[in-house]
Amino acid sequence: MDGSVEDGNNMINSDDYSLIDFIEYADDNLFAKANLFYEYAEDYIDKKYFTFFRPMLTSCSPRVKIFDRYSGKPKDMIMMASNNYLNLSTHPDVIRAGKEALEKYGSGLCGSPILCGYSEIHRQLEEKLARFKSCEDCMIFPAGFSTNLGILTSLLRKNDVVITDRLDHASIMDGAIFSGAQFRNFSHNDTAKLERILRQYEKKEKTGKLIVVEGVYSMDGDIARLPAIKELASRYNARLMVDEAHATGVIGKTGKGSLEHHGLEGRIDIVMGTFSKALAGMGGFVCSGRKVINYIRFYARSYFFSASLSPVVAACVSKALDVIQAEPDRRERLFENIRYMVENLTKLGFNAGQTQSAIIPVFIGDDLVLRKMSRDIHKKGIFLNSIFFPAVPRDSSRIRLSLMADHSREDLDQTLNVLEKTARKYGVI
Ligand code: PMP
């Protein structure tokens, strides 16, 4: 096999494998694993289980049109998988701000921020975010993923220890590994376990300690026990970092995130977030003290050696932040939708976990059942995310619904109806 597409003969029954099986693979041919994986993917597609990489033909609104690989035609669907929680990606003011920035700056600045990739729009957005998160300073990365990589690899050295929640996002885990620091983790939200780890490092000299948690967890939608974690961090002289990717714009009385929700504004050492959820763009940010931000600017390689976020996106995100504050009814509508959906899923007999946010997990457990359900649900016009091991622990594969403020009651009812019928067919409820 030389790695060309023609090599695939569909010799693999995809039902017997998952993504994890194509990582460790020893062979003289570097591409052998890709060839094998291709056969797996082909069989997966032949069975019509493949509901990934669906080309969108419209914006990410409650009703979308996609190109359907199975019929070869455009297909109308209800979008239940986007993190565009407040529907700001299509807000007229956001679009106008983007257009103005495009006219003024062109499509991109084509350089790292330290060279030519830093504009007035970037600085204004940094200042606005620092105020929004009650921190001294802020800096912007071109992706949320590279933000976490940059923070952790710039601040941690091999004598330090980083302690993560086991459900933290891959970008946090990779940042922790790449930093070379000692790396420990505790079971999800288990503060007793966290304290046991902290105690082991209490007397260690020259060992900086960093705890990293998510304000809202990306796969389960539940929230971190931040007051207790903050108290432990203070008691054991550890720094605390909170990833606010899914909390920003959603959680807290005015949408400022989980620090506002817990009354901890201005009291967390490092606050990180992404622009790719409620802020309806792409990119990431980190807020902290002025000296810490200044240090990260010079030592985060994923910032220093990477071209900056386009000013067009920076302008859209900056306007989105204004809209979040000016239009609180969006968050109200979102939470009304969350309440309605959780209540009705539970009534139908689904396990919707402990969500307190716009992410609603619907636990299925069995990978093969979920593959079949995803196929049927897609066919019936509902666009949702199916999450399998290794993205979530084994036996906890799930459907993940992401709600938006603009979902109508009809959108939600239609989704509930399809979920109910499909789940009954496979004996899930
Ligand atoms: N942190 C969390 C908690 C996330 O869920 C994500 C993305 N889903 C990221 C970081 C990475 O952000 P981005 O997709 O904006 O790169």
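What follows is a conversation about a predicted model of a protein chain.

Student: How is the chain split into domains?

Tutor: In this predicted model, the domain assignment gives domain 1 as residues 14-46, domain 2 as the two segments 63-79 and 328-425, and domain 3 as residues 91-326.

Student: And what separates the centres of domain 1 and domain 3?

Tutor: Taken over C-alpha atoms, the centres of domain 1 and domain 3 are separated by 35 Å.

Student: Switching to packing, which residues touch the most other members of the largest nonpolar core?

Tutor: That core has 91 residues, and those touching the most other members are Ile 211, Val 213, Leu 345, Ile 399 and Leu 401. The largest share of this core is contributed by helix α11, residues 311-326, which supplies nine residues.

Student: What is Leu 345 in contact with, leaving aside neighbours within four places in sequence?

Tutor: With those neighbours set aside, Leu 345 is in contact with Phe 350, Ala 352, Ile 360, Val 362, Leu 401, Leu 416 and Leu 419. Apart from the largest core lies another, of 19 residues, and Val 162, Ala 176, Val 212 and Ala 300 are among them.

Student: Different topic: how do the axes of α4 and α5 cross?

Tutor: The axes of helix α4 (residues 144-155) and helix α5 (residues 170-179) come within 8 Å and cross at roughly 30 degrees. Because angles under 35 degrees count as roughly parallel, α4 is roughly parallel to α5.

Student: Is that crossing left-handed or right-handed, and which residues of α4 make the contact?

Tutor: The crossing of α4 past α5 is right-handed. On the α4 side the contact is made by Phe 145, Asn 148, Leu 149, Leu 152 and Thr 153, while the α5 residues involved include Ile 172, Ala 176 and Phe 178.

How values were computed:
Residues numbered from 1 in each chain as written. Predicted model: local features only at pLDDT ≥ 70, side-chain atom pairs only at ≥ 80, totals over all residues. Heavy atoms only, no water. Core = buried A, V, L, I, M, F, W, Y, C linked by side-chain atoms within 4.5 Å. Buried < 20%, exposed > 50% of the residue type's maximum accessible area, 1.4 Å probe, protein only. Helix = DSSP H or I, 4+ residues; strand = E, 2+ residues; numbered from the N terminus. Contact = heavy atoms within 4.5 Å. Domains from an automatic or database assignment. Axes fitted to C-alpha atoms, helices over the stretch in contact; angles between N-to-C directions. Parallel < 35°, antiparallel > 145°, perpendicular 65-115°, else oblique. Left-handed = near helix turned anticlockwise from the far one by under 90°.
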